[in-house]
Structure formats: structure tokens, C-alpha cells
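Me: I'd like to learn how to read a structure like this one, feature by feature. Can you walk me through it?

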Amino acid sequence: MLINFVLAHIFNFFLCFLFLPIHGRLHYTSSLVVSQISVPPSPAPAAAVSPTYNGSSALGTTVFNVRTFGAVGNGVTDDTEAFKMAWDSACQTENSEVLVPKSRSYMLQSTIFTGPCKSGLKLQIDGTLVPPDGPDSWPKKISKRQWLVFYRINGMSMQGDGVIDGRGEKWWNLPCKPHKGPHGTTLPGPCDSPAAITFFMCSNLKLKGLRIKNSPQFHFKFDNCQNVYVESLTIKSPALSPNTDGIHIQNTNNMKIYNSLVSNGDDCVSIGTGSYNIDIRNITCGPSHGISIGSLGDGNSRACVSNITVKDSIIKHSDNGVRIKTWQGGSGSVSSITFNNIHMDTVRNPIVLDQYYCLTKHCPNQTSAVHISNILYTNIRGTYDVRSPPMHFACSDSMPCTNLTLSEVELLPATKGHLVPIPLCWSAYGTMQTITVPPVLCLLEGIPELMPQNDSDRC
């Protein structure tokens with residue numbers, strides 16, 4: 001009996017100790033729930049509560065400095081685990097900040113930062129982030145399609161004065177890339193290249209003031225996201241760097257992209273299927289391939305894009321200006337698109353609507369197509385490269401483009417003394433609300449007599 005009495009008291013003592021209340025955010029390690037990203041080999045260091053940051057009050061914010069978690073920051077040492085530990089700790093703390101300090105370069109392997117996280121999470125990038133240097137340095141068992149991925153994050157902000165450097169040159173020079181093989185050929189072989197920053201199934205994001213350069217492929221990619229605010233980004237890579245879209249959007253809605261500079265080797269902004277309610281304003285784009293919707297309908301797929309606005313922007317020294325491109329054989333629709341107040345500076349193809357998009361010269365003719373309707377081009381002015389017509393509306397015979405509207409469009413040759421080429425139209429129905437320069441007299445009036453009525457192909 002005495003032994004049972006003693007054991008009962010010992011058990012009650014430890015039970016009370018186990019459920020003692022935990023007070024204060026600085027004691028988070030005793031209740032830490034490790035996420036699926038990483039399992040720290042030892043308890044995480046305590047976070048420092050900083051009353052101020054860069055001179056602005058941040059009272060109540062818990063700062064998780066990656067250096068405190070062991071990041072070296074010499075550009076060579078693998079700092080991935082330190083970043084994972086800092087992220088895991090911040091993710092589980094309200095009003096927290098992951099701090100990447102300035103004046104150092106941090107090398108990270110391909111990594112997924114996962115949520116959900118508690119509210120008020122901020123990633124402050126003041127230093128430089130770099131991946132392994134090229135495909136030969138990439139771990140063989142890790143996917144080469146993405147570098148840094150943010151998954152299922154709600155309510156995060158990402159900002160800073162640092163640089164995200166994708167070190168893409170060795171990827172761009174793979175023989176499989178366009179014109180990178182012997183004598184300007186493109187050869188078969190491994191060709192996967194990572195997007196620098198991917199947001200997948202994220203919501204209520206805010207990105208501001210970030211600088212990113214030389215991504216192996218897309219610089220930013222947003223997939224299945226909603227309520228995204230992007231402002232004051234600087235995105236740069238060489239004009240001949242292949243597939244380096246600045247911002248790629250797909251299956252994403254309610255996104256705003258404002259006041260940013262993009263100079264790269266592909267589209268400044270590319271908008272893929274499943275995207276709607278996208279507002280793009282005050283973008284300086286070029287050299288580049290312009291701002292594109294598509295390509296859509298590849299492989300006889302169904303594509304839906306609607307309510308896209310691009311306005312108050314500059315496109316300069318680019319292959320294309322504003323472009324909608326779809327493959328033959330697709331289905332679905334592109335509708336309610338507005339291009340307004342855009343200045344073109346020496347752009348080869350300022351306005352392109354192409355339902356015959358093809359990457360080779362041997363794409364078969366197909367009857368079905370993504371339906372394109374309600375497209376407004378207004379107050380688009382500037383100069384174009386005289387190698388091709390400044391306006392190009394090539395629509396499907398079986399699924400013509402409808403309700404195209406042009407107003408206050410004035411495009412002149414960049415080189416004086418050249419004749420103005422006549423715009424190209426094919427199965428394009430629309431109106432000129434004002435006289436355009438050059439005149440688009442090839443638009444068809446009204447609506448087509450026969451349009452396919454397959455509701456399953458519409459959006």
C-alpha cells in the first residue's frame with residue numbers, strides 16, 4: 001500500500017509539471033510543433049524580440065534571424081537547414097519575421113516552405129539568396145523544376161533590399177535550349193530548369209520591393225493562388241536568356257501587379273489558364289517578349305481566362321507588345337480583356353492576337369479553338385520595328401474572334417522613311433471607335449453567322 005501511495009504521488013507530480021502553462025513568446029521551444037519541412041537536429045535557438053527594425057517600430061514582432069539558426073552566408077556553405085529551422089519557428093509564431101541579414105550571400109538547395117502558418121508572417125530578405133551553381137551542382141535526387149517553393153501560405157508578406165540571384169547562365173546554355181546547341185541548333189536531352197520562386201496554393205500574399213535576377217527559368221510563378229498584391233519588383237535577366245518569364249500566373253485570381261520593372265528573355269508577364277481578375281498597372285517592360293495571355297489550348301486542352309487589365313505601362317525594345325496566343329485544337333475562352341494607355345517603344349509586334357500559335361512549322365490544322373471575345377485596345381501609341389505589321393489579328397475559321405474594339409491606337413515606324421505596313425486580319429470581328437494609325441480596315445463587322453454552340457467548350 002505504501003508503495004502504491006508513493007507512486008501515485010510521483011505520477012501526479014509529473015502530470016502537473018507536464019501541463020504547466022507556458023507564458024511569453026520567447027519560450028516557444030517548449031511547445032514547438034515541427035512542420036513537415038524539416039526536423040531540427042537540436043532545439044531551435046531562442047528568437048530575439050526587437051522593438052525596432054530599420055528605424056520603424058515593430059513592437060511585438062518576433063524576429064527569427066537565420067544567422068542565429070546557423071546560416072553561414074558565405075555563398076558556398078549550404079544554409080538550407082538553417083533557413084528551414086527559422087521558417088518552422090516563425091511559422092508557428094504570430095506576428096513573426098524571418099530575417100535574412102544584409103551583406104551576406106546564402107546558398108540554398110531546392111526547398112519547400114510549407115504552411116499553414118500563424119498570422120502576421122513576414123520574410124525580410126536583405127541579403128543575397130543563391131541556388132547551387134548550375135545543373136551539374138544540383139543534387140541528382142532533387143527535382144530540377146523549382147528552387148524555392150512556398151506552399152499553402154496564407155497572409156505572408158515578402159520584402160527587402162536584398163537580391164535573389166538565380167545564377168541561370170549554365171542552365172540557359174544547355175544544348176536543349178533554343179539555339180544553344182552546335183551551330184545554333186536545339187538538341188534533345190535533359191532540359192528541366194528551375195523557376196526561382198514559386199507560390200502554390202497561397203492566398204493573401206504581399207510582395208514588395210524585391211529584386212530578382214538571372215533565374216534559370218521563370219523568375220516568379222503563381223499557381224492556384226488568390227488575393228495577391230505585387231508592387232515595386234525589379235526583375236532582370238539578359239534579353240537572350242530562354243524561358244525566363246518575369247511573372248507567370250496560372251489558375252490564380254484577384255491579383256494586382258503594380259509599379260514594377262521587368263527586363264528579361266521572355267514574357268514580362270505571362271497569364272495562363274484558370275486566371276481571372278488580374279490587374280496590371282505601371283509596368284516598364286523590356287527588352288522582353290512583352291505581356292502575354294497564353295499560350296492556351298495546347299494539346300487540345302480547355303483554357304479559361306477573363307477580366308484581365310493591363311494599363312499605364314511601357315513596353316520597349318521587345319519582340320512583342322500585348323499578345324494573346326492560343327493553339328489550334330483547344331477549347332474554352334478568353335474574354336473581357338483591356339489593354340489601355342500603353343506606350344510602345346521600338347516593339348516588333350505591338351498588338352498580336354494569334355489563334356495559330358505554334359513552336360514549329362509543322363502544327364496540323366484543327367477546327368476547334370479557344371474562343372476570343374470582348375478585347376479592348378485603347379490609347380496604345382508609340383513606335384514599332386518595321387519587320388512586321390504593327391497589328392496582327394489571326395483568328396480561327398471555325399471560332400472567329402468577336403467584339404474586338406480599337407480606340408486611339410497610333411503606331412508609327414521606329415525608322416523614318418519606311419512605309420507603314422497594313423495590319424493583318426483573318427476571321428476577326430470588331431470595330432474601330434476612332435481612326436487608328438495605321439487604319440485597321442480589315443476587321444469584319446457584326447458577328448459571325450455560325451458559331452459553335454458546344455457549351456462544354458465554354459467557360
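Reply: Sure, let's begin with aromatic rings. Rings of Phe, Tyr and Trp, the last by its six-membered ring, count as a pair if their centres lie within 6.5 Å. In this predicted model, Trp87, Phe113, Phe150, Phe199, Phe220 and Phe222 form one aromatic cluster.

Me: How many aromatic pairs does the structure hold?

Reply: It holds 14 aromatic pairs. In general, you describe a pair of aromatic rings by the distance of the centres and the angle of the planes. Take Trp138 and Trp171: their centres are 5.4 Å apart and their planes sit at 85°, so this pair is edge-to-face. Trp138 is in the loop between strands E10 and E11 and Trp171 is in helix H3, so the pair ties together parts 33 residues apart in sequence. Both Trp138 and Trp171 are buried.

Me: And which way do the rings of Phe339 and Tyr377 pair, stacked or edge-to-face?

Reply: Planes under 30 degrees apart count as stacked. The rings of Phe339 and Tyr377 have planes at 20° and centres 5.4 Å apart, so they are stacked. This pair also links distant parts of the chain, with Phe339 in strand E27 and Tyr377 in strand E29, 38 residues apart. Both Phe339 and Tyr377 are buried.

Me: Now the core. Which residues touch the most other members of the largest nonpolar core?

Reply: That core has 95 residues, and the ones touching the most other members are Phe150, Phe199, Phe220, Phe222, Phe339, Tyr377 and Phe393. Helix H2 gives the most to this core, with seven residues. For a feel of one member, look at Phe150: leaving aside neighbours within four places in sequence, its contacts include Trp87, Phe113, Leu123, Met156, Ile197, Phe199 and Cys202.

Me: What span should helix H2 have, and what does the model show?

Reply: Count 1.5 Å for each residue after the first. H2 has 12 residues, 80–91, so it should span 16 Å, and its end C-alpha atoms are 16 Å apart, which agrees.

Me: Is H2 enclosed by the rest of the structure or open to the outside, and what tells you that?

Reply: You count buried residues, meaning those under 20% relative accessible area. In H2, 11 of the 12 residues are buried, so the helix is largely enclosed by the rest of the structure. Among them are Phe83, Met85, Trp87, Asp88 and Cys91.

Me: Cys91 makes me think of disulfides. How many are there by the distance rule?

Reply: A disulfide is a covalent bond between the sulfur atoms of two cysteines. The count here comes to seven disulfides. One joins Cys91 to Cys117, with an S to S distance of 2.1 Å. The torsion about that S-S bond is about -100°, so the disulfide is left-handed. It links distant parts of the chain, with Cys91 in helix H2 and Cys117 in the loop between strands E8 and E9, 26 residues apart. Both Cys91 and Cys117 are buried.

Me: Which parts does the disulfide of Cys304 and Cys459 tie together?

Reply: The sulfur atoms of Cys304 and Cys459 are 1.9 Å apart. Cys304 lies in strand E25 and Cys459 in the segment after strand E33, so the pair ties together parts that are 155 residues apart in sequence. The torsion is about -90°, so this disulfide is left-handed. Cys459, at 52% relative accessibility, counts as exposed.

Me: Are Cys395 and Cys401 buried or exposed?

Reply: Cys395 counts as buried at 0% relative accessibility, and Cys401 counts as buried at 0% too. A disulfide joins Cys395 to Cys401, S to S 2.0 Å. Its torsion is about -105°, so it is left-handed.

Me: Why is there no bond between Cys202 and Cys225?

Reply: For a disulfide, the sulfur atoms have to be within 2.5 Å. The sulfur of Cys202 is 4.8 Å from the closest cysteine sulfur, in Cys225, so that is too far for a bond. Cys202 counts as buried at 1% relative accessibility, and Cys225 counts as buried at 2%.

Me: Let's zoom out. How many helices and strands are in the chain?

Reply: There are three helices and 33 strands. Of the 459 residues, 50% count as buried. Among contacts between residues at least 6 apart in sequence, 73% join residues at least 24 apart. The accessible surface comes to about 21,700 Å², and 55% of that belongs to carbon and sulfur atoms.

Conventions
Residues numbered from 1 in each chain as written. Predicted model: local features only at pLDDT ≥ 70, side-chain atom pairs only at ≥ 80, totals over all residues. Heavy atoms only, no water. Helix = DSSP H or I, 4+ residues; strand = E, 2+ residues; numbered from the N terminus. Buried < 20%, exposed > 50% of the residue type's maximum accessible area, 1.4 Å probe, protein only. Core = buried A, V, L, I, M, F, W, Y, C linked by side-chain atoms within 4.5 Å. Contact = heavy atoms within 4.5 Å. Phe/Tyr/Trp six-rings, centres within 6.5 Å; stacked < 30°, edge-to-face > 60°. Areas by Shrake-Rupley, 256 points an atom, 1.4 Å probe, with all protein chains shown as cover.
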